[in-house]
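Visitor: Before we look at any single residue, could you take me through how the labels used for this model are justified?

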Amino acid sequence: MDTISTTTRTVRQAIEWLEKMGIEVKAQPLTTDMYDFKYDDVYMFMPSITPNDTININCLFEVQGSTEQKRKEVFDIVRSIVSKDLNDYDIVYAQDGLAWVGQEWVMPRGRYKLRRYQLKKMLEEMKAAYSRVFFISLVASAVCDKYRELLDKASFPAP
């Protein structure tokens with residue numbers, strides 16, 4: 001695997017563990033500071049540039065909706081639903097239905113060596129957060145469309 005020259009120590013350690021676990025890690029060709037990989041069929045990415053004692057893992061998800069405004073509405077609903085459970089996570093809407101959920105972990109002071117069990121725990125937590133956000137996004141999308149349909153019918157009752 002080719003590593004990015006600016007990759008920090010903790011991220012390099014994570015890449016080594018991922019590869020030992022049989023997970024292929026790729027440097028993103030479109031950016032100069034990102035790695036991506038698949039963990040349990042969940043696409044994840046992590047920036048190469050973080051403080052040496054920090055690792056940041058993110059997952060992309062698609063927000064459904066026929067227009068950008070509807071996708072943003074759905075995203076706002078998702079964020080409000082998960083805000084208490086996932087308050088340590090970043091949940092960000094980018095554009096065109098693309099959003100991501102991410103988390104930053106800081107290694108305990110004095111322990112700069114990332115252990116396999118620590119990385120595995122991070123990956124499992126990230127997968128759980130992604131699954132929750134993605135599922136709620138799908139449900140919110142269906143509910144929003146049905147709600148709008150009901151509002152339209154109620155606004156213009158048949159004579």
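The conversation below concerns a predicted model and turns to burial, the nonpolar core and a surface patch.

Visitor: Why is S141 called buried?

Guide: The relative accessibility of S141 is 8%, and the cut-off for buried is under 20%, so S141 counts as buried. The residue is found in helix 3, where S141 touches Q64, G65 and V74, leaving out residues up to four places away in sequence.

Visitor: And what makes V143 partly exposed?

Guide: V143, which also lies in helix 3, has 49% relative accessibility; because partly exposed covers what falls between under 20% and over 50%, V143 counts as partly exposed.

Visitor: Which residues make the nonpolar surface patch?

Guide: F135, V139 and V143 make a nonpolar surface patch of about 280 Å². Membership asks for over 30% relative accessible area, and V143, at 49%, satisfies that part of the requirement.

Visitor: How many residues does the largest nonpolar core have, and which have the most contacts inside it?

Guide: The largest nonpolar core has 41 residues, and F37, I57 and V101 are those with the most contacts inside it. Several elements each supply at least two residues of this core, among them helix 1 (9–20), strand 4 (54–62) and helix 3 (116–155), and helix 3 gives the most, with ten residues.

Visitor: What is I57 in contact with?

Guide: Setting aside neighbours within four places in sequence, I57 is in contact with residues including F37, M44, V101, W105, L119 and M126. In soluble globular proteins, nonpolar side chains tend to be buried together.

Technical notes: Residues numbered from 1 in each chain as written. Predicted model: local features only at pLDDT ≥ 70, side-chain atom pairs only at ≥ 80, totals over all residues. Heavy atoms only, no water. Core = buried A, V, L, I, M, F, W, Y, C linked by side-chain atoms within 4.5 Å. Buried < 20%, exposed > 50% of the residue type's maximum accessible area, 1.4 Å probe, protein only. Helix = DSSP H or I, 4+ residues; strand = E, 2+ residues; numbered from the N terminus. Contact = heavy atoms within 4.5 Å. Patch = residues over 30% accessible without salt bridge, like charges linked within 9 Å, V, L, I, M, F, W, Y side chains within 5 Å. Areas by Shrake-Rupley, 256 points an atom, 1.4 Å probe, with all protein chains shown as cover. Salt bridge = Lys/Arg side-chain N within 4 Å of Asp/Glu carboxyl O.
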